[in-house]
Amino acid sequence: MGLLDRLSGLLGLRKKEVHVLCLGLDNSGKTTIINKLKPSNAQSQDIVPTIGFSIEKFKSSSLSFTVFDMSGQGRYRNLWEHYYKEGQAIIFVIDSSDKLRMVVAKEELDTLLNHPDIKHRRIPILFFANKMDLRDAVTSVKVSQLLCLENIKDKPWHICASDAIKGEGLQEGVDWLQDQIQGAKT
Amino acid sequence: MAAKSSSDFDSGRAESNEANSKWLDAHYDPMANIHTFSSCLALADLHGDGEYKLVVGDLGPGGQNPYLKVLKGATVLTESPLPSLPAAAATFLMEQHEPRTPALALASGPCVYVYKNLRPYFKFNLPQLPPNPLEQDLWDQAKEDRIDPLTLKEMLESIREKAEIPLSVQSLRFLQLELSEMESFVNQNKSKTIKRQTVITTMTTLKKNLADEDAISCLVLGTENKGLLIIDPEAFTILAEMDIPSVPVFLEASGQFDVEFQLAAACRNGTIYILKRDSKHPKYSIELSAQPVGLVQVHKILVIGSTQDSLHGFTHKGKKLWTVQMPAAILTMNLLEHRSRSLQAVMVGLANTEVRIYRDKVLLNVIRTPDTVTSLCFGRYGREDNTLIMTTRGGGLIIKILKRTAVFVEGTGEVGSPPAQAMKLNVPRKTRLYVDQTLREREAGTGMHQIFQTDLYLLHLRAARAYVQALESSLSPMSVTAREPLKLHAVVQGLGPTFKLTLHLQNTSTARPVLGLLVCFLYDEALYALPRAFFKVPLLVPGLNYPLETFVQSLSSKGTSDIIRVLVLREGQGVPQLSAHISMPVSEGLMAA
Ligand SMILES: Nc1nc2c(ncn2[C@@H]2O[C@H](COP(=O)(O)OP(=O)(O)OP(=O)(O)O)[C@@H](O)[C@H]2O)c(=O)[nH]1
Ligand SMILES: [Mg+2]
């Protein structure tokens, strides 16, 4: 970082950039969440299943996020690990109404947490228990129980119930993430 | 015994233990109240929303309360009662145009109920069969009250026992009635025309004219009337009808109806019949020594489970490829198709609460379940590609998901051929000479064979001639003349220059003694000296062995050796009875000196 950059960063003229990985099973609502976090004029209307991954940007009050929106389909999940090194934070999205695949989400999460590029880092993880609006959705407490989140001891984590279509619960999550990232730097 | 212990060992390795299981336990509900067989399970994206549902033709507890159930995830989405027990469920695309949501077919009794978007769409009835004329006649008489119910019953019973054409449902029901109920039953039913209809025993699907994954498919039905029917998916007309010698219970179809197809029907008589397009009757048949309990087509192989607790692999031409013995009775079977790894395997539910997965005869995986599994199927369910669904005898539902990273490693559960068999041998390249020779053999095969045969005959002839000559000139140490059966056997002992020569002479006749024999030695007098070159043999008692000893002095100083001939003669006869050639050893004593 050049002196000018740092100066403008300190003065708050330019927001600090962070790389975030958005992970989770297919159809959990990752793209929908990120789309909702973008300014309303930049939001796209129809959301299709992501192929491979796509890079999206959005800003919070003090940070500029570059998000790797990974595809959650089984055949693309092996791409995730190639981006672990660059990621400074993780957003992990869960479809709270897909009880059957909760085990699959847990399996992928455990694989993620045990990956050498993640295992020994204090990387913050934000969980969205998404699709809260659906009738057969389970609560975020239940989701954190099913995923055994209490076992994550060496990383800051937080779970938010969300409804990505209405945009509920998203801001709370992003605020937490921003605090974590800034807290870690100072 | 050895085989058993090795298979135990292998199954131990293929078994999924908690820690490194290939499966994630997605759901287990021991009280799901689902009682069914593999043939009544089907998976499909029935609503076209990317969420695959499970269709269950549920027989109900004790086969009392049949229901059609559709499950989404772990919950029952819809259920509707069925008029009779389901025989099979299948999902298929019935038309080209969009949206291409698959229809659901449920075979039950003489009908196939077809649902689209889970709404009843069409009911296909099996065609009526001609009733037994005798039976028809009886009911006609009953109609005119010329016959009383009791006689009717007796007559119908005699038809049931003897006739080729089975009775109609109406008559069968009548035969079950108590005396008191008969009268009213006859009055109620006598004016109805009797109908005879068969029932569906099994059902599968067959692609119509394209091999694509999402091509439209015909329904293939097997009936209690020993028939196979192929039904058009749009018009629901019968496209083809075939007869087989027994009642089909399991069906597998491959190919496309309009191009070339093949049906394999496992029947109650323990035979699997294979039919092709354009054949009204079976083209091949496979006879099992027991009843079939399951039939699954894996790639080009028909895998058949039998009541003898074994799994057999057959080609489509009926050639047996392999057999594997199961540790317990087979209850159900189905195909496991893992598309992304292009693996096809057979899942077998066993009575010992195990589900085993075999690729050919290689055991890939063992899953232990809390209850015996009566039905299973594998495929895309919900949004997960590799889901295994099992229902248990107690009505439970087990859903497992294959881990994304799981691989069925060949050899971890090996019971098949030893690894050495798969090792590549370093076979030398074919030389020019070899190729020429092979070509010549191919062209002149007949000639070569004839020459070989001629030579062989000549050899036989020459051997026979030599034998005859030997017999005629008594050159052999065995005399076969019936009168004087004798055996001669000579032993040379010693290092030289003096050898001891022992002749063992034996009379091999049963009772008659032999008298008046002479022994004569013929030898080169320059080389050997014998004290007695000619002597008389004492009387030979039958069976006893007479050792006749004599010394042989080797005279040669150059270490040469020669043959000494022994002749056994009979007094007054010119031709010897027996003869023997004794190859004398080189005199070692002399050489040392
Ligand atoms: N009811 C409801 N539907 C949602 C919610 N979030 C997303 N969806 C729907 O879920 C579906 C999948 O959303 P996506 O954002 O494409 O999911 P994804 O995680 O990006 O999926 P992949 O790109 O395939 O990994 C879409 O039809 C969304 O409309 C939610 O909170 N509530
Ligand atoms: Mg996406």
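What follows is a conversation about a predicted model, in which each label is traced back to its value.

Biologist: Let's start with the metal. What makes A:Thr31 and A:Thr50 donors of the magnesium ion (ligand 2)?

Modeller: Their OG1 atoms lie 1.9 to 2.0 Å from the magnesium ion, and a donor atom has to be within 2.8 Å of the metal. Both therefore count as protein donors.

Biologist: Why is the pair said to tie together parts of chain A?

Modeller: A:Thr31 belongs to helix 2 (residues 30–37) of chain A, while A:Thr50 sits in the loop between helix 2 and strand 2 (53–59), so the parts joined are 19 residues apart in sequence.

Biologist: And how do you know whether each of them, A:Thr31 and A:Thr50, is buried or partly exposed?

Modeller: Buried means under 20% relative accessible area. A:Thr50 has 14%, so A:Thr50 is buried. A:Thr31 has 21%, so A:Thr31 counts as partly exposed.

Biologist: What is notable about phi of A:Asn27?

Modeller: Phi is near 70° there, a positive value in a residue other than glycine. A:Asn27 is in the loop between strand 1 (16–24) and helix 2 of chain A. Its relative accessible area is 35%, which makes A:Asn27 partly exposed.

Biologist: Where in chain B does B:Lys226 lie, and what is its phi?

Modeller: B:Lys226 is in the loop between strand 11 (217–223) and strand 12 (227–231) of chain B. Its phi is near 60°, again positive in a residue other than glycine. At 39% relative accessibility, B:Lys226 is partly exposed, since that label covers values from 20% to 50%.

Biologist: Back to chain A for a moment. How do you know that the span of helix 3 (residues 102–113) agrees with what a helix should give?

Modeller: With 12 residues and 1.5 Å a residue, helix 3 of chain A should span 16 Å, and its end C-alpha atoms are 16 Å apart, so the two agree. Several of its residues are buried, including A:Met102, A:Val104, A:Leu109 and A:Leu113.

Biologist: On to the helices of chain B. Why are helix 3 and helix 5 of chain B called roughly perpendicular?

Modeller: The axes of helix 3 (residues 149–162) and helix 5 (residues 179–189) of chain B cross at roughly 95° and come within 9 Å. Angles of 65 to 115 degrees count as roughly perpendicular, so the label applies to helix 3 and helix 5 of chain B.

Biologist: Which residues meet in the contact of helix 3 and helix 5 of chain B?

Modeller: B:Pro149, B:Leu150, B:Leu152 and B:Lys153 from helix 3 meet B:Leu179, B:Met182, B:Glu183 and B:Val186 from helix 5. They divide into six nonpolar, no polar and two charged.

Biologist: What makes B:Met182 buried?

Modeller: Its relative accessibility is 2%, and the cut-off is under 20%, so B:Met182 counts as buried. Beyond its neighbours within four places in sequence, B:Met182 is in contact with B:Pro149, B:Leu150, B:Lys153, B:Phe174 and B:Leu177. The C-alpha atoms of B:Met182 and B:Leu150 are separated by 8.1 Å, although the two are 32 residues apart along the chain.

Biologist: What makes helix 2 of chain B roughly antiparallel to helix 3 of chain B?

Modeller: The axes of helix 2 (residues 133–143) and helix 3 of chain B cross at roughly 175° and come within 10 Å. Angles over 145 degrees count as roughly antiparallel, so helix 2 of chain B earns that label against helix 3 of chain B. Among the residues that meet there are B:Leu138 and B:Trp139 of helix 2 and B:Leu152 and B:Leu156 of helix 3. The contact divides into eight nonpolar, no polar and one charged.

Biologist: How do you know whether B:Gln297 and B:Ser254 are buried or exposed?

Modeller: B:Gln297, in strand 18 (residues 292–298) of chain B, has 12% relative accessibility and so is buried. B:Ser254, in strand 14 (residues 248–256) of chain B, has 18% and so is buried as well. B:Gln297 and B:Ser254 are in contact with each other.

Biologist: Why is B:Lys558 called exposed?

Modeller: Exposed means over 50%, and B:Lys558 has a relative accessible area of 75%, so the label applies. B:Lys558 is in the loop between strand 35 (545–554) and strand 36 (563–570) of chain B.

Conventions. Residues are numbered from 1 along each chain as its sequence is written. Chains are lettered from A and ligands numbered from 1 in the order in which they are written. This is a predicted model: local features need pLDDT of at least 70, side-chain atom pairs count only at pLDDT 80 or more; totals for chains, interfaces and linings use all residues. Side-chain values use heavy atoms; hydrogens and water are left out. Helices (H or I, at least four residues) and strands (E, at least two) are DSSP runs, numbered from the N terminus. The expected span of a helix is 1.5 Å times one less than its number of residues. Buried means under 20% relative accessible area, exposed over 50%, partly exposed in between (1.4 Å probe, protein chains only). Axes are lines fitted to C-alpha atoms, for helices over the stretch in contact, and angles run from 0 to 180 degrees between N-to-C directions. Angles under 35 degrees count as roughly parallel, over 145 as roughly antiparallel, 65 to 115 as roughly perpendicular and the rest as oblique. Contact means heavy atoms within 4.5 Å. Ala, Val, Leu, Ile, Met, Phe, Trp, Tyr, Cys and Pro count as nonpolar, Asp, Glu, Lys and Arg as charged, and the others, Gly among them, as polar. Donors are N, O and S atoms within 2.8 Å of the metal (3.2 Å for Na, K and Ca); water is not among the atoms, so sites may look incomplete.
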